[in-house]
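Welcome, and please have a look at the structure shown here. The short report after it walks through a few backbone features.

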Amino acid sequence: MMNIDGTNVRQLTNLRSIVMSPSFSPLGTQLSFLGFPPGGPGKTPQVYVVDVATRKNKAVTRFRKGVVAPVWIRGVGKGRFVGTLSERGVDSELYVWPVDNPKARKRLTVSRGIDNSPSFASDQSRFACVS
């Protein structure tokens, strides 16, 4: 993480593995990212959240199938994510889930392809995605 002008560079992750797809929480106090759990790239990537102030990293998913590029969306109370989860082979769909309960995920899309890269309207009432 760094300031917009490139100063104050700080490393927030501590996985000692590849990390991708950072996304700030709506309040900017947390950062989510996609990372490979201990054991490296042979493992299924998971969603992690790091507290920006303390730099404490925490895995928030334990999905058996792949998840791609989670993004935060605004919600009442605790944050929610939208991410792409692989269901069968190359088919994947967008799901939304609470940060603290990924098992409570809800499917948002149904298609025969890969749905990803969601972008939400400022009032969170609509979204667009690549499909």
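What follows covers the sheet and then two residues with unusual backbone angles.

## The sheet

Keep in mind that this is a predicted model. Its four strands make an open sheet in the order 1-2-3-4, and the pairing is antiparallel. Strand 1 and strand 4 are the edge strands; each has a single partner strand, so one side of each has no neighbour in the sheet. From one strand to the next, the twist averages 25°.

As background, strands of a sheet pair through backbone hydrogen bonds, and they can do so parallel or antiparallel.

## Where strand 3 meets strand 4

Let us zoom in on one pair. Strand 3 and strand 4 run antiparallel and are joined by three bridges. If you would like a landmark here, find Tyr48, which stands opposite Ala59 in strand 4.

The loop between strand 3 (46-51) and strand 4 (57-59) holds Arg55, a residue that returns in the next section.

## Two positive phi angles

Most residues other than glycine have a negative phi. Against that background, Arg55 is worth a look: although not a glycine, Arg55 has a positive phi of about 65°. Is Arg55 buried, partly exposed or exposed? With a relative accessibility of 38%, Arg55 is partly exposed, because that class lies between the 20% limit for buried and the 50% limit for exposed.

Asn8 is another non-glycine residue with a positive phi, of about 60°. You will find Asn8 in the segment before strand 1 (19-24). Asn8 is partly exposed too, at a relative accessible area of 44%.

Definitions and conventions: Residues numbered from 1 in each chain as written. Predicted model: local features only at pLDDT ≥ 70, side-chain atom pairs only at ≥ 80, totals over all residues. Heavy atoms only, no water. Helix = DSSP H or I, 4+ residues; strand = E, 2+ residues; numbered from the N terminus. Buried < 20%, exposed > 50% of the residue type's maximum accessible area, 1.4 Å probe, protein only. Pairing = 2+ DSSP bridges. Axes fitted to C-alpha atoms, helices over the stretch in contact; angles between N-to-C directions.
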